[in-house]
Amino acid sequence: MKIDNFKPFKGQHCETTATGSLLIQIGIKLSEPMLFGIGEGLGYIF
């Protein structure tokens, strides 16, 4: 599968980089600390 105009998120952690890259594709741009907090919240629920 090829995604046109893919712009990867540049982060320091694999979780935030993956999440940021996916969210940027749908127009949501968040900072790395915010992405880290969201990831930790989802990890706690899981």
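**Helix α1 and its surroundings**

In the predicted model, helix α1 is followed by G27, a residue whose phi is positive, near 90°. The chain contains two helices and zero strands, and of its 46 residues, 13% count as buried. The chain exposes about 4,100 Å², and carbon and sulfur atoms supply 65% of this area.

Helix α1 covers residues 14-25, and the length of this helix can be checked against its geometry. At 1.5 Å a residue, the twelve residues of α1 should span 16 Å, and the C-alpha atoms at the two ends are 17 Å apart, which agrees with the expectation. The buried residues of α1 are T16, G20 and S21. These residues cover an arc of only 130° around the helix axis, and they are therefore placed on the same side of α1. On the other side of the helix, C14, E15 and L22 are exposed. Two of the buried residues, T16 and S21, are described in turn below, followed by T19 and by residues of the segment before the helix.

T16 is located in helix α1 and, because its relative accessibility is 1%, below the 20% under which a residue is called buried, T16 counts as buried. The side chain of T16 has polar partners in the backbone of one residue and in the side chain of another. A polar atom of the T16 side chain lies 3.0 Å from the backbone oxygen of H13, while a polar contact of 2.7 Å joins the side chain of T16 to that of E32. When residues up to four places away in sequence are not counted, T16 touches F9, E32, L35 and F36, so that E32 appears both in this list of touching residues and as the side-chain polar partner of T16, the latter at 2.7 Å, where a polar contact is a pair of N or O atoms within 3.5 Å. A further relation in space links T16 with I38: the two residues are 22 residues apart in sequence, and their C-alpha atoms are 9.0 Å apart.

S21 is likewise found in helix α1, and with a relative accessible area of 9%, which is under the 20% limit, S21 is buried. The side chain of S21 reaches the backbone nitrogen of F9 at 3.0 Å, and a polar atom of the same side chain lies 2.9 Å from the backbone oxygen of T17. With neighbours within four places in sequence left aside, S21 is in contact with F6, P8 and F9. F9 thus belongs to the contacts of S21, and F9 is also among the residues that T16 touches.

T19, another residue of helix α1, is partly exposed, with a relative accessible area of 30%, a value that falls between the 20% and 50% limits. T19 and E32 are separated by 13 residues in sequence, and the distance between their C-alpha atoms is 9.5 Å. E32 is the residue whose side chain is joined to that of T16 by a polar contact of 2.7 Å.

The segment before α1 includes N5 and K7, and both of these residues are exposed, with relative accessible areas of 69% for N5 and 56% for K7. N5 has a positive phi of about 55°, although this residue is not a glycine. For K7, the surroundings include part of the helix: when residues up to four places away in sequence are not counted, K7 touches I24 and Q25. K7 and I24 are 17 residues apart in sequence, whereas their C-alpha atoms lie 7.6 Å apart in space.

Definitions and conventions: Residues are numbered from 1 along each chain as its sequence is written. This is a predicted model: local features need pLDDT of at least 70, side-chain atom pairs count only at pLDDT 80 or more; totals for chains, interfaces and linings use all residues. Side-chain values use heavy atoms; hydrogens and water are left out. Helices (H or I, at least four residues) and strands (E, at least two) are DSSP runs, numbered from the N terminus. The expected span of a helix is 1.5 Å times one less than its number of residues. Buried means under 20% relative accessible area, exposed over 50%, partly exposed in between (1.4 Å probe, protein chains only). The arc is that of the directions from the helix axis to the C-beta atoms. Accessible areas come from the Shrake-Rupley method with a 1.4 Å probe; for residues, only the protein chains shown count as cover. A polar contact is a pair of N or O atoms within 3.5 Å; within protein, one must be able to donate a hydrogen and the other to accept it, and residues adjacent in sequence count only if both atoms are side-chain atoms. Contact means heavy atoms within 4.5 Å.
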